[in-house]
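I opened this notebook to keep track of what I looked up, starting with one helix and its surroundings and then moving outward to the chain as a whole.

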Amino acid sequence: MASPRTKLKSATLKKAARTRAEARTVLDEAERLLGLPFKLLGRPGTRLVESQNRNAGRPAGTLVEHPDAEPARAEVRHFTADWAEAKTVGQIGTPEALALRRLASGEGTTWINVDSVRDAKAIRALGEAFGLHPLVQEDLGHTNQRPKLEVYGEQAFVVTRMVLPETGTVEQVAFVLGPGYLLSFQEAAGDVFDPVRQRIETEGSRLRGEGEDYLLYALLDLIVDAAFATVEKLGDATEALEEAVLGTPGPTVRGAIAGLRREILVVRRAVWPLREVVASLARAESDLVTDKTRLFLRDVQDHVVQAADALESLRDVLAGVSDLYLSAVSARQNEVMKALTVIGAVFLPITFLTGLYGMNFENMPELAMPHAYPIFLVVLAVISLGTLLVFRTKRWL
């Protein structure tokens, strides 16, 4: 029998899932009514703060085992200026990791892209083969790292967050830059690196003639470009919301504003720290990055700064849209209250007269007049028209 604490936790999780599902429904309805591109990052499972309780008490550098994790898969590309080859390793163990290390020690540049970082055995095998620091291995398994750059001897460890506008996901991508090789680690299959893959396969491309540091630059540049594409969609959504608020604001628009604010916050958390990461990599005192590549990294830094500034502008505009929505709703309420006030002012004297002549007194001389009823109706009409004329003269209508 489940304990009360387990029941309470289960009920809390169900309520949170129901709340996220309702918020997602509001955004989908807003997209249908207003044509807003709201399927960017609004997954029901998106969390702004990840729980760290599972790591309490573990020594630093400890890999977390995930029994349900899918086996890691490695996509390997080895190339020089004259040739290039590609292959896939379906399962990574100690023999496969040692073979990849021997390949990376040869001539040319080796790019090893690993999917499913929850496979602790694969991460441990690659860590032993490539001499990765235990803290690097631990950070690879924890996919809630803040973008950062750390240098461990002859290796540089870079953590970024990649935004996928098409699928609406944000995932961690980590790089290990070493002499002659570049390791990249993703949470799952699917990324924005296809242009780099095509450039590697293209004979005579500049990427083939450069080293692994230039390859890292090219991948970072694609991550920033994907973030830019998402920022543009968020900008389109913000403009559409602004037009909707100026039109007929309602509860759907209010939910859309709240959802878009969350979308911008998630993208900002992915883009904002990347500025310092790229800047630190560009000025890092290490032989892993050549002076030639530093120039390109500074260009990426400029793009990151532009994306971050655009996000800040969108936050300010969305705050203005929220204030505009409140002002529009308040104005509509004022219009309704004004109409009700006019109606009440018109009917107040009419109600008084009808109540006066509706009393059951016998000695009311007007009741005996032969044309009392039509005269009374004319008086009511004159009073109503006179009241409306007064309001019109004072420009209350």
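Before asking what covers a helix I fixed the term: I take two residues to be in contact when heavy atoms lie within 4.5 Å. I also note at the outset that the model is predicted.

**Entry 1: helix H3**

I looked first at H3 (120–130), where eight of the eleven residues are buried. The buried ones are Ala 120, Ala 122, Ile 123, Ala 125, Leu 126, Gly 127, Ala 129 and Phe 130. When I searched for what covers these buried residues, I found that the cover includes H2, strand E3 (109–115), H4, E5 and E7. Just after H3 comes Gly 131, and I recorded that its phi is positive, near 70°.

**Entry 2: H2 against H3**

I then turned to helix H2 (residues 94–104), which packs with H3 at an angle of about 40°, the two axes being 8 Å apart. Because angles between 35 and 65 degrees fall outside the parallel and perpendicular classes, I list H2 and H3 as oblique to each other. Their crossing is right-handed. On the H2 side I noted Thr 94, Ala 97, Leu 98, Leu 100, Arg 101 and Ala 104, which meet Ala 125, Leu 126, Ala 129 and Phe 130 in H3.

**Entry 3: helix H4**

How many of the eight residues of helix H4 (residues 134–141) are buried? I found six, so H4 is largely enclosed by the rest of the structure. The buried residues are Val 136, Gln 137, Glu 138, Asp 139, Leu 140 and Gly 141, and I note that charged side chains appear in this list, namely those of Glu 138 and Asp 139. They pack against H3, strand E4 (148–152), E5, E6 and strand E7 (181–186).

**Entry 4: the nonpolar cores**

I next listed the nonpolar cores, of which the largest has 59 residues, and within it Phe 175, Phe 193, Val 196 and Leu 215 have the most contacts. The elements that give two or more residues to this core include strand E5 (155–164), strand E6 (169–178), helix H5 (194–201) and helix H7 (212–246). H7 gives the most, with 18 residues. Taking Val 196 by itself and leaving out residues up to four places away in sequence, I found that Val 196 touches Trp 111, Leu 207, Leu 215, Ala 218, Leu 219 and Leu 222. A second, separate core has 27 residues, and Ile 112, Leu 126, Ala 129 and Leu 140 are among them.

**Entry 5: H8 and H10**

For helix H8 (251–271) and helix H10 (291–356), I found axes that come within 10 Å and cross at roughly 160°. The two helices are therefore roughly antiparallel to each other, and H8 passes H10 in a left-handed crossing. Among the residues making the contact are Ile 257, Leu 260 and Ile 264 of H8, with Leu 311, Leu 318 and Tyr 325 of H10.

I also checked Gly 320, which is found in H10; at 36% relative accessibility Gly 320 counts as partly exposed. Its C-alpha atom is separated by 8.9 Å from that of Glu 242, although the two residues are 78 residues apart along the chain.

**Entry 6: the whole chain**

Last, I noted eleven helices and seven strands in the protein chain. Buried residues make up 42% of its 397 residues. Of the contacts with a separation of 6 or more, 67% join residues 24 or more positions apart. The chain exposes about 21900 Å², with carbon and sulfur atoms supplying 56% of that area.

Conventions: Residues numbered from 1 in each chain as written. Predicted model: local features only at pLDDT ≥ 70, side-chain atom pairs only at ≥ 80, totals over all residues. Heavy atoms only, no water. Core = buried A, V, L, I, M, F, W, Y, C linked by side-chain atoms within 4.5 Å. Buried < 20%, exposed > 50% of the residue type's maximum accessible area, 1.4 Å probe, protein only. Helix = DSSP H or I, 4+ residues; strand = E, 2+ residues; numbered from the N terminus. Areas by Shrake-Rupley, 256 points an atom, 1.4 Å probe, with all protein chains shown as cover. Axes fitted to C-alpha atoms, helices over the stretch in contact; angles between N-to-C directions. Parallel < 35°, antiparallel > 145°, perpendicular 65-115°, else oblique. Left-handed = near helix turned anticlockwise from the far one by under 90°.
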